Amino acid sequence: MKAVVLAAGEGRRLEPLTNRRPKPMLPVANRPLLEHVVEAVAEAGIDEIVLVVGYKRDRIQTHFGDGNEWGVSIEYVVQDKQLGTAHAVAQAESLVDDDFLVLNGDRLIGSDLVARLAETHRDGDGAVVAVTRSTEPSEYGVVELEGDRVVEILEKPRETPSDLINAGVYGFDPSVFDVIREIEPDANGEYTITTTIQRLIEDESVRALRYDGMWIDVSYLWDLVYVSGDVIDRYGRDSADSAVVEDGASVADGVYLGPSARIGANSTIRRGTTVGDNVTIGSNVVLENAVVFADAVVEDGAVLRDCVVASNATVGANVTVDGGDADVVVGETVHRDVTLGAVVGDNATIGAGSVLESGTVVGDDATVGAGTAVSGRISPGTEVQRG
Amino acid sequence: MCGIIGYVGSDQVAPILTSGLKNLEYRGYDSAGVALADDVLSIHKREGTIDDLTVPESTATCGIGHTRWSTHGPPTDTNSHPHTDCTGEIAVVHNGIIDNYDALKADLEAAGHEFDSDTDTEVIPHLLEEALERYGLPTAVSRVVDRLEGSFALGVVAAGRDEIVAARNDSPLVVGHADDGAFIASDVTAFVEHTRDVSYLEDGDVAHLDGGDVRVYNDGQRVDRPIQTVDWGADAAEKGGYDHYMLKEIHEQPQALRQAISGRIDAVAGEADLELSLPEQYLASLDEIQIVACGTSYHAGLYAKRLLERHAEVRTTVKIASEYAFSPSRDPWRTLVIAVTQSGETADTLGAMRRASRAGAKTLAVTNTVGSTAAREADDALYIRAGPEIGVAATKTFASQVATLALLSVYVGRTRGTLSSSDASDLLEHLRGLPGAVQQVLDEEPRVRTVATEYADGDAFFFVGRRLGHPVALEGALKLKEISYDHAEGFAAGELKHGPLALVTGETPVFAILTDGTSPDETLNNVKEVESRSAPVVGVSSLERAEKFLDASFSVPELGLLEPLVANVYLQLIAYHVANSKGRAIDKPRNLAKSVTVE
């Protein structure tokens, strides 16, 4: 049985971090989201994976290659235009000729879900949809069940008939491709799996698989800050052997340090922090609940709480991000009291002594001059000077 | 990642294991070892590369081997595989991680077993020691595997038993079938020179190799794993979704560079840690360094020359290997000859190295290939750690060669006392920033493709740069000509007016390197010269004021003397997209081969 993993999406809500990588390549516990999915699939005993890629696909292909490192064989199909999840699945048609699974490449799930879904799918007829409970069902596809049969599925409804949602993991057989060809685009012009399932329900029985294990959707920037820590708490991960911790630095339990990362003298790395490959943390730095991507530099004396520092960014000496709750605008929605110190985009530079207020989001390639107090969103590529 | 191999059959096993391990070395190279099973079991293992491992001649025809990349416990002789039980009669190699080894180890220690290493693997031979008291080897392995949690590919041999038992869960393991025996390995490359008939084990499989006979069991039942013939090189999946190996390898540069510098930079002390065995006094007494190389490696040598002269204050000459002769005017005792060759098998370069060696000079091989002829024959070897490169047009290995040679310039400079620790720290900091800077360039690919396609129909292509920009200009032209078949030349920018300017027309795009380390202001004057002949000019630049003189410009992030190396990544992408727009056979350009083993 093959697994088709959808990884073509962009992830706009996670800008600026998705300006240079697709959402499935955002690191959680220093591994791309998609790698967690590939591992869950591999651990469930499925060793043939079709990755549907599109937006910034070189990042995905370079990381996964032919899958050898994960003990799986990976084939790629390209979805050139993002015309919806069902359209993405349809791209895999030429590589699938038997029962198969479909998974989202940007949700964290347990391998037990994949294994159980494969078993359920193998043992019965027709499509299977994994369902899980959510505290915010209106953000997802809400599912109504009768026994273990799906009788209704509604995408992001205002009023939710249940708190059961579509977990984004499915079992199909190749006849689904014919159904996808027949469906109409939804209000956003997208051909979705939800529409496909609504159509399937009319003709045949669609089974539900209830799941209450790990299911995490990294939707917003502030999710990234805590999810890495959660995942390391849950599964543990030993720091790389080649990471260097200089004298006097203290690194808390549950912190992950990547290959060739360097923690300078007398720095304090507190809980919930992950430090990526080839990262340099200077002396007397304090990191708490911080996620530092590969190749970034945090210079001496910086204090960063509840932060994301993206790849190759430079945070200057004595920069302070106090952390805590803030109101953050995403698109046209204000999210109140979310825990987000700051996000520093890829290749951005924060000058020495700057102070980033809670909720600051600095775009990729942006430069903040020394000693500047910053808040809100700084657009990619812009320069901010002390005024 | 680790690699394992095993063989049982009628041939002597030791050479099969060592050559197989060399092929697997890309999977890890911090320690290696083999177990040869005769009437007694002999283990040979140590920290270091496979070259460091000496395996004595042996009549044994059954054995297993391992190359390690540490996960549990540092790379030491004791932590190397194979691991044995208390009696020393059972040996195990393992790729993967045993999650429940803590609990198993505690049980075994309580039962009186003694452990030598810090590894998770060592629980397996001790568990087998107990199981073998009651069962044969295949059943014993099945019983033990049932108790293991985690991922593994295992190979097991025991004294006095002419058989191998292998088991797989979540880690790759293939079986090779030959007329005179059978193989197990993490990857087909380990034994592809012996057989192409392979079967792939599935999770939960236990394979029993008894001479040429292979029986596979899963959950106690005999199962059939069909034998397939691998068609080497035809497997499109290996390109990982890319149309060409070259483009894949261009994109692998950030990771290749992280590997090249990993563990070699001590930014605080301003030291490069290269573990060379060339004596310090010898390096201090050098009159001259001679670099011998061909093609792209020669351009890396030209780049290194300037870094060595600047940092180590030693006269450095770069010679095309096929043109090289050791001059009698030189003192061989005060001359170091550095052979730069990706494959380590380039015949011209080996020839030059041997001439130098015969003249009495010491030689250093800078190569990507552990165990290659150059690495074995030279007095010392320095690895660039770029991983396998398959595209004929070298890309990531150029970047890794320059990065590694830059580290060497720091090492020699510090040894000779010519480079201050603060200057060294600056360069090391730039080296550390190299992977991120290269990724930044790769992110610009869509725009590079647009520009490349726009100028693809030029009559000829010229590349100009000064100082460190000169080797990059030569390399940019070489890439373009070898894969697009267009006429392309690289020039020292100042030389334009002494001849080549006659070739410049409105139909000859000129690519200019305008970064730190390339005297960009002077080159900008040359840019104006060609523009007045109406040639379109594309700049790769860290000089903002240059932009208004350029028809298209790509920006290079600040990185000191390594900016030209970062600029080169743009030129690689330009060459690729020009050639691709013309439908060229990019990975196998006409008339060219990857590793030229004839003179």
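Me: What are the domains of chain B, and how do you know where they begin and end?

Reply: Chain B holds domain 1 (3-229), domain 2 (236-443) and domain 3 (445-593); the bounds come from an automatic or database domain assignment. The model is predicted, so local features need pLDDT of at least 70 and side-chain atom pairs count only at pLDDT 80 or more, while totals for chains, interfaces and linings use all residues. Residues are numbered from 1 along each chain as its sequence is written, with chains lettered from A and ligands numbered from 1 in the order in which they are written.

Me: How far apart are domain 1 and domain 3 of chain B?

Reply: Their C-alpha centres lie 51 Å apart.

Me: Why are H8(B) and H14(B) called roughly parallel or roughly antiparallel?

Reply: H8 (residues 295-312) and H14 (residues 469-484) of chain B pack at about 165°, with their axes 8 Å apart. The angle is taken between N-to-C directions on a scale from 0 to 180 degrees, the axes being lines fitted to C-alpha atoms over the stretch in contact. Angles over 145 degrees count as roughly antiparallel and those under 35 as roughly parallel, so H8(B) and H14(B) are roughly antiparallel.

Me: What makes up the contact of H8(B) with H14(B)?

Reply: H8(B) supplies Gly295(B), Thr296(B), His299(B), Leu302(B) and Tyr303(B), and H14(B) supplies His470(B), Pro471(B), Leu474(B), Glu475(B) and Leu478(B). Contact requires C-beta atoms, placed from the backbone, within 7 Å. By class there are five nonpolar, four polar and one charged. Glu is in the charged class with Asp, Lys and Arg; Ala, Val, Leu, Ile, Met, Phe, Trp, Tyr, Cys and Pro are nonpolar, and the others, Gly among them, are polar.

Me: What is the relative direction of H12(B) and H16(B), and how do you know?

Reply: H12 (residues 421-442) and H16 (residues 563-581) of chain B pack at about 30°, with axes 9 Å apart. That value therefore makes H12(B) roughly parallel to H16(B).

Me: Which residues meet there, and of what class are they?

Reply: Ala437(B), Val438(B), Val441(B) and Leu442(B) of H12(B) meet Val566(B), Val569(B) and Tyr570(B) of H16(B). The contact has seven nonpolar, no polar and no charged residues.

Me: How is chain A divided, and what is the make-up of the contact between its domains?

Reply: Chain A has domain 1 (2-217) and domain 2 (221-384), with 31 Å between their C-alpha centres. Domain 1 of chain A gives 13 residues to the contact and domain 2 of chain A gives 21. On the side of domain 1 of chain A, nine are nonpolar, two polar and two charged.

Note on methods: Helix = DSSP H or I, 4+ residues; strand = E, 2+ residues; numbered from the N terminus. Parallel < 35°, antiparallel > 145°, perpendicular 65-115°, else oblique. Contact = placed C-beta atoms within 7 Å.
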